[in-house]
Amino acid sequence: MSSGRARVMVVEDDAAVRTVVGDYLRAGGYDVDLYSEGESAREALRADLPDVLVVDRMLPGVTGDDLCREVRRTSDLPVIMLTALGAVEQRIAGLERGADDYVTKPFALKELRLRVDAQLRRRAPAAPADAFTVGDFRIDPGHRRAWRGGEEIALTTREYELLLYCVQRPDQVLARDDVLGEVWGWSFGDASTVTVHVRRLREKIEPEPRYPVYLRTEWGAGYRFTPRGGRPMTAGPGER
């Protein structure tokens with residue numbers, strides 16, 4: 001980035017929303033690239049990744065889901081998805097496609113900027129820290145890398161932070177609200193955000209994600225992380 005400022009790509013087909021968001025983020029100190037549709041945004045992403053992607057999920061043609069899936073194949077680029085007000089299914093679907101965060105329409109511009117700020121803080125270089133091993137897992141905080149049984153796990157930024165949070169609290173009950181506050185930095189929010197990311201993390205750390213042995217559900221309470229594995233948990237409603 002020649003300006004030395006973080007660059008945000010905004011993909012939004014509503015011209016009024018796109019313009020207002022672009023102006024507000026620029027006034028907040030960001031470089032902003034604006035796109036009205038997914039095809040040109042996809043070509044731009046293939047050429048050069050921004051620091052944060054803000055994308056409307058319901059784009060015509062190449063959708064926000066399409067862009068998110070493509071980004072996730074090769075990158076842990078932070079993705080903030082814009083979804084319709086009250087559409088819980090949209091938010092869950094967006095998170096399952098690999099989005100890190102979401103903002104529901106209509107939204108306050110300051111909220112969007114704060115969420116962009118938070119994503120960038122999480123990507124800032126961490127202070128060097130020694131790698132450590134807990135059970136079957138090895139974590140290198142200085143390089144934000146993780147291994148299970150000697151095999152490296154390919155994690156997005158949010159998945160890494162969720163795993164780190166769990167590894168640092170072995171065999172403790174982890175309430176969803178506490179996870180939401182510590183990993184996402186939200187004092188309130190939709191607990192389905194945690195549920196979806198737990199599901200995504202299980203896909204990467206569990207031998208059989210439907211029957212987890214490491215990150216198990218404590219029904220009515222939250223989750224428990226057992227770093228050496230345990231008896232497989234029977235899949236239940238909402239865990240499939």
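In this predicted model, helix 5 (residues 109-123) lies across strand 1, strand 3, strand 4 and strand 5. The helix runs at about 175 degrees to strand 5. Between strand 5 and helix 5 there is a loop, and P106 lies in it. The peptide bond from K105 to P106 is cis. Its omega is near -10 degrees.

The strands under helix 5 belong to an open sheet of five strands. The strand order is 2-1-3-4-5, and the pairing is parallel. Strand 2 (31-35) and strand 5 (101-105) stand at the edges. Each has a single partner strand, so one side of each is left without a neighbour in the sheet. From one strand to the next, the twist averages 20 degrees. Helix 2 (residues 38-47) also packs on this sheet. Helix 2 touches strand 1 (7-11), strand 2 and strand 3. The direction of helix 2 makes about 155 degrees with that of strand 1. Within the sheet, strand 3 (residues 52-56) and strand 4 (residues 79-84) run parallel and are joined by four bridges. Across this pair, V54 of the model stands opposite I80 in strand 4.

Two hairpins follow, and they share strand 7. Strand 6 (residues 132-134) and strand 7 (residues 137-140) run antiparallel. Three bridges join them. F132 stands opposite I139 in strand 7. The hairpin of strand 6 and strand 7 has two residues between the strands. In this hairpin, G135 takes a positive phi near 60 degrees.

Strand 7 also pairs with strand 8, in the antiparallel sense and over four bridges. The bridge partner of D140 is R145, in strand 8. Four residues lie between strand 7 and strand 8 in their hairpin. R144 lies in the loop between these two strands. Phi of R144 is near 55 degrees, a positive value in a residue other than glycine.

R144 and R145 both appear in the lining of the second largest pocket. The volume of this pocket is about 180 Å³. Its lining also includes D76, R123, A146, E152, I153, L155, T156, T157 and Y160. Strand 8 (145-148) and helix 6 (157-167) each supply at least two residues of the lining. By residue class, the lining divides into four nonpolar, two polar and five charged.

Helix 6 also meets helix 8 (residues 192-205). The axes of the two helices come within 10 Å and cross at roughly 85 degrees. The crossing angle therefore makes helix 6 roughly perpendicular to helix 8. Helix 6 contributes R158, E159, L162 and L163 to the contact. Helix 8 contributes H197, V198, R200, L201 and K204. The residues of this contact divide into four nonpolar, one polar and four charged.

A further open sheet has three strands in the order 10-12-11, with antiparallel pairing. Strand 10 and strand 11 stand at the edges. Each has a single partner strand, so one side of each lacks a neighbour in the sheet. Helix 8 packs on this sheet and touches strand 11 and strand 12. The direction of helix 8 makes about 145 degrees with that of strand 11.

Both pairings in this sheet involve strand 12. Strand 10 (residues 173-174) pairs with strand 12 (residues 222-225) over two bridges. In strand 12, R224 is the bridge partner of V173, and Y223 is the bridge partner of L174. Strand 11 (residues 215-218) is joined to strand 12 by four bridges, and the two run antiparallel. Here the bridge partner of E218 is G222 of strand 12. Strand 11 and strand 12 form a hairpin with three residues between the strands. Within this hairpin, G220 takes a positive phi near 80 degrees.

Note on methods: Residues are numbered from 1 along each chain as its sequence is written. This is a predicted model: local features need pLDDT of at least 70, side-chain atom pairs count only at pLDDT 80 or more; totals for chains, interfaces and linings use all residues. Side-chain values use heavy atoms; hydrogens and water are left out. Two strands pair if DSSP finds at least two bridges between them. Axes are lines fitted to C-alpha atoms, for helices over the stretch in contact, and angles run from 0 to 180 degrees between N-to-C directions. Contact means heavy atoms within 4.5 Å. On a 1 Å grid over the protein atoms alone, a cavity is a set of points where a 1.4 Å probe fits but cannot get out, and a pocket is an open set with protein on both sides within 12 Å along at least five of seven lines; lining residues have an atom within 4 Å of a point. Grid points are joined across faces, edges and corners, and a volume is the space filled by probe spheres set on the points. Ala, Val, Leu, Ile, Met, Phe, Trp, Tyr, Cys and Pro count as nonpolar, Asp, Glu, Lys and Arg as charged, and the others, Gly among them, as polar. Angles under 35 degrees count as roughly parallel, over 145 as roughly antiparallel, 65 to 115 as roughly perpendicular and the rest as oblique.
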